[in-house]
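User: Please take a close look at a single part of this model. Then continue from there to other parts, in one connected account, with the cut-offs behind each term.

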Amino acid sequence: MTIGIIGGGATGLLFSWYLSKQNPLKIFVRSYEQAEKINEKGITLYNGKESWTSTDNITASSSYRELENCRVILIMVKQYHLSGILPILSKLPTNIPLVFFQNGLGHLGEVKELPNENIFLGTIEHGCQRLDPCTVRHNGMGLTRIAPFKGDVSCLKGILKVYEDDFPFSFSDSWEEILHKKLIVNASINPLTAVLNVPNGSLVNNRYFKKMLHSILDEILPLFPEVDEKEMIQNVVGICESTKENRSSMLKDIEAGRKTEIDAIMGYCLMKGESLGHPMAFSRLVYEMVKGKEVEQGG
Ligand code: PAF
């Protein structure tokens with residue numbers, strides 16, 4: 001039975017390449033041209049030195065008709081593209097497990113309304129970049145964390161178990177824990193790197209930028225009291241160090257003139273901060289700088 005992936009960006013291509021090693025894989029993309037290219041050439045994974053093309057198990061489509069034949073569907077589009085997809089997902093057989101991989105938490109109200117029996121939320125720690133419509137560069141292997149939002153995770157564990165040696169998945173009981181931690185990482189690293197136009201490492205190697213990183217963390221961490229502050233700061237600093245050469249996804253969006261995920265990430269934190277009466281002046285300033293950059297680019 002086929003695994004379905006919705007989204008032809010970097011993560012959609014990366015997961016399609018890996019998951020097609022053990023299962024037939026169908027990737028659903030928005031543009032007909034991208035679907036045609038993938039059907040013709042397959043998907044190529046490049047690690048900076050070598051590349052491998054996978055064709056055998058992969059098909060692509062720009063129509064969502066065949067979603068209903070999938071054994072599980074991974075939804076890998078940006079949060080602001082979900083509104084076009086949720087109505088389609090709501091009409092599928094309700095026993096197909098759905099796994100959502102969006103940043104932020106603003107979409108969860110709508111996801112909760114879906115009639116599907118098994119819904120999971122996930123976060124991705126891989127470093128990857130789409131080079132062209134059928135090529136992805138894999139910059140660093142990471143863990144994919146999944147937790148149940150509704151239903152029973154055992155159906156998913158069975159499907160994804162075959163990948164454990166080569167493309168790791170980890171299952172957690174608490175979706176709040178994995179999503180909150182990812183949100184803190186994204187809210188502290190992405191907007192700052194986008195406005196400062198620097199790779200992640202500069203946020204810990206440049207003492208002025210490091211102070212800014214800590215000012216953001218000081219405002220954001222109190223919003224998530226269940227998260228251990230010290231451990232989380234170490235985690236964020238560690239990610240800046242281990243991905244020091246990488247340009248964050250938000251910086252890449254700005255560079256490519258695309259809409260960013262600032263509303264899903266920092267917009268969500270500001271909303272939460274305001275509702276709790278927490279001061280968020282520094283985070284608001286950075287939020288407005290990213291929004292302003294989008295406007296300058298015609299967004
Ligand atoms: O969004 C990103 O770019 C990544 O999640 C992270 C971890 C911030 C590293 O660049």
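Analyst: The side chains of Ser-54 and Ser-20 are joined by a polar contact of 3.3 Å. A polar contact is a pair of N or O atoms within 3.5 Å; within protein, one must be able to donate a hydrogen and the other to accept it, and residues adjacent in sequence count only if both atoms are side-chain atoms. The model is a predicted one, in which local features need pLDDT of at least 70 and side-chain atom pairs count only at pLDDT 80 or more, while totals for chains, interfaces and linings use all residues. Residues are numbered from 1 along each chain as its sequence is written, and side-chain values use heavy atoms, with hydrogens and water left out.

Ser-54 has a relative accessible area of 15% and is buried; buried means under 20%, exposed over 50%, and partly exposed in between (1.4 Å probe, protein chains only). Ser-54 belongs to strand S4; helices (H or I, at least four residues) and strands (E, at least two) are DSSP runs, numbered from the N terminus.

Strand S4 (residues 51-54) runs antiparallel to strand S3 (residues 43-46), and four bridges join the two. Strands are said to pair if DSSP finds at least two bridges between them. Among the partners, Tyr-46 is bridged to Ser-51 in S4. S3 and S4 make a hairpin with four residues between them, and in the turn Gly-48 has a positive phi of about 100°.

A positive phi also appears at Asn-197, which is not a glycine; its value is near 60°. Most residues other than glycine have a negative phi. Asn-197 is located in the loop between H6 and helix H7 (202-205), and its relative accessibility of 45% makes it partly exposed.

Before strand S3 in the chain comes helix H2 (residues 32-41), whose buried residues are Gln-34, Ala-35 and Ile-38. These buried residues fall within an arc of 100° when H2 is seen down its axis, so they line one face of the helix; the arc is that of the directions from the helix axis to the C-beta atoms. Tyr-32, Glu-33 and Glu-40, on the other side of H2, are exposed.

Another serine, Ser-172, sits in the loop between strand S12 (169-171) and H6. With 17% relative accessibility, Ser-172 counts as buried, and its side chain reaches the backbone nitrogen of Ser-174 at 3.2 Å.

Helix H6 (residues 175-196) leads to the ligand: with four residues, H6 gives the most to the shell around it. The shell consists of Lys-182, Val-185, Asn-186, Asn-190, Asn-200, Ile-239, Ser-248 and Ser-249, where a residue is near a molecule or strand if one of its heavy atoms lies within 4 Å of it. By class, two of the shell residues are nonpolar, five are polar and one is charged. For these classes, Ala, Val, Leu, Ile, Met, Phe, Trp, Tyr, Cys and Pro count as nonpolar, Asp, Glu, Lys and Arg as charged, and the others, Gly among them, as polar.

Ligand oxygen atoms lie 3.1 Å from a side-chain N or O atom of Asn-186, 3.0 Å from a polar side-chain atom of Asn-190, and 2.8 Å from a polar side-chain atom of Asn-200. On its own the ligand has 280 Å² of accessible area, of which the protein covers 81%; accessible areas come from the Shrake-Rupley method with a 1.4 Å probe, and for residues only the protein chains shown count as cover.
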